[in-house]
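Work through the exercises below with the model open beside you, trying each task before you read its solution.

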Amino acid sequence: MDQSSSKDGATRRGFVKQAMALSAGAVTMSYLGRASAEPLGLRYPDAAVEVLDDSFLKYRLFNASVEKLATGMRWAEGPVWVADGRYLLVSDIPNNRIMRWDEITGAFSPYRQPSNFSNGMCRDLQGRLIVCEGSTTEGLGRRVTRTEHNGKITVLADHYQGKRFNSPNDVVVRSDGSIWFTDPPFQTGNDYEGHRIDTELPHGVYRVDGESGEVRQVIDNVAGPNGLCFSPDETTLYLVEGRAKPNRLVWAYSVNDDGSLGGRRQHIKAEGYGALDGIKCDEDGNLWCGWGSSGDPRGRPEDLDGVMVFNPEGKAIGHIRLPERCANLCFGGREGNRLLMAGSHSIYALYVNTRSALS
């Protein structure tokens, strides 16, 4: 081999090594870019976390920012935290899929598609995924299902008294194993979040018995039943009336020992053109509520979008402002103190000084 060939070989080897180093660096930067959350603001305390009452200071962490974790959805709903896998599942309804965000790597990818236009989700006492399937795909859907540990799908409820459900919307599991879900007609009137159909049942709330599997209607007099959750001691069921006029409402129902419901009282009224959606209760009995505009032209979505926090007496104490409407939320993260918010197109997070009532 002559000297020039030796030099050319060394040059080529050097180029390959440099290219490999740059490629590895690019992969590392890509990985870090996906894994790191993007804060919406850099100052502490975060101006997006608004204190409406001094009692909210207990829950605000001085040096925690609202962070954007992932984006690219059309209408995000029903987030559920899978603690043993350290990931979040969220429904992307118009795209007919469930998305998965990994807390460790930051990866964001489809988990299930099609999902029968899934909406609300939660986990049962055995850690199995419970899904409200809001519409149909190839004849399936408009039902509540359970994903077994081996991945098989079990149908828990798809009809009541011989009639098909409208579009199951949100779901929660009580400590006795019973599953409670709302069934408004929200996904039945268009071909965007499902399919246009003629509904068969009134707007309702249902309970699936944890032992027998019997499906029972527990509420049939609420216009557009939406988000629901239990108080920490499970003696109160909170329910959003999504089509109440002129303001959306949260009702508080007393829960009897046998799982039946007693009387109700008005707990929250969404004034100022605000709109309630999904709700979660923390360990102190505060309600953390998805919030946005009711659609009234006098309302300003940019002043409303985010999460409103109400104390156990129904008083607004905090407002977490987001650049998008928040449909639903859950608590998650390693210590259960990370508020995970499903914005219209994106997932946001904020560390707070409380945990879910279900923890």
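## Exercise 1: Salt bridges

The count comes to 24 salt bridges, where a salt bridge is a side-chain nitrogen of Lys or Arg within 4 Å of a carboxyl oxygen of Asp or Glu. This is a predicted model, in which local features need pLDDT of at least 70 and side-chain atom pairs count only at pLDDT 80 or more, while totals for chains, interfaces and linings use all residues. Residues are numbered from 1 along each chain as its sequence is written, and side-chain values use heavy atoms, with hydrogens and water left out.

Task: Determine which parts of the chain the salt bridge between Lys315 and Asp53 ties together.

Solution. Begin with the contact itself: the closest N and O atoms of Lys315 and Asp53 are 2.8 Å apart. Next, place the two residues: Lys315 lies in the loop between E24 and strand E25 (316–321) and Asp53 in the loop between E2 and E3, so the salt bridge joins parts that are 262 residues apart in sequence. Strands (E, at least two residues) and helices (H or I, at least four) are DSSP runs, numbered from the N terminus. Finally, consider accessibility, for which buried means under 20% relative accessible area, exposed over 50% and partly exposed in between (1.4 Å probe, protein chains only). Lys315 is partly exposed at 43% relative accessibility, and Asp53 is also partly exposed, at 21%.

## Exercise 2: An arginine with two partners

Task: Describe what the side chain of Arg100 meets in a salt bridge, and which ring its charged end sits over.

Solution. The first partner is Asp102, whose side chain meets that of Arg100 in a salt bridge of 3.2 Å, N to O. Arg100 is partly exposed, with a relative accessible area of 24%, whereas Asp102 is buried at 10%. The second partner is Tyr87: the charged end of Arg100 sits over the ring of Tyr87, 4.0 Å from its centre. A charge sits over a ring if NZ of Lys or CZ of Arg is within 6 Å of the ring centre and within 35 degrees of the ring normal. Arg264 is placed over the ring of Trp251 by the same kind of contact, with its charged end 3.6 Å from the ring centre.

## Exercise 3: Aromatic pairs

Task: Classify the pairs Trp180–Phe230 and Trp291–Phe310, and locate their residues.

Solution. The rule is that rings of Phe, Tyr and Trp (its six-membered ring) pair if their centres lie within 6.5 Å, with planes under 30 degrees apart counted as stacked, over 60 as edge-to-face and the rest as tilted. The structure holds 8 aromatic pairs. Trp180 and Phe230 form an edge-to-face pair, 5.3 Å centre to centre with 85° between the planes. Trp180 belongs to strand E15 (residues 179–183) and Phe230 to strand E18 (residues 225–230), so this pair ties together parts that are 50 residues apart in sequence. Trp180 and Phe230 are buried.

Turning to the other pair, Trp291 and Phe310 are tilted, at 6.0 Å centre to centre and 50° between the planes. Trp291 is in strand E23 (residues 287–293) and Phe310 in strand E24 (residues 306–310), 19 residues apart, and both residues are buried.

## Exercise 4: An open sheet

Task: Give the strand order of the sheet that contains E26 and E27, and identify its edge strands.

Solution. The sheet is open and is formed by 5 strands in the order E1-E3-E28-E27-E26, with antiparallel pairing; two strands pair if DSSP finds at least two bridges between them. Its edges are strand E1 (38–39) and strand E26 (326–332), each of which pairs on one side only. E26 and strand E27 (residues 338–343) pair in the antiparallel sense over 6 bridges, and Phe331 stands opposite Leu339 in E27.

## Exercise 5: A buried loop residue

Task: Establish where Ser65 is found, and which residues Ser65 touches beyond four places away in sequence.

Solution. Ser65 is found in the loop between strand E2 (49–51) and strand E3 (67–71), and is buried, with a relative accessible area of 8%. Not counting residues up to four places away, Ser65 touches Pro39, Gly41, Tyr44, Asp46, Ala349 and Leu350, a contact being heavy atoms within 4.5 Å. The C-alpha atoms of Ser65 and Asp46, which are 19 residues apart along the chain, are separated by 5.6 Å.
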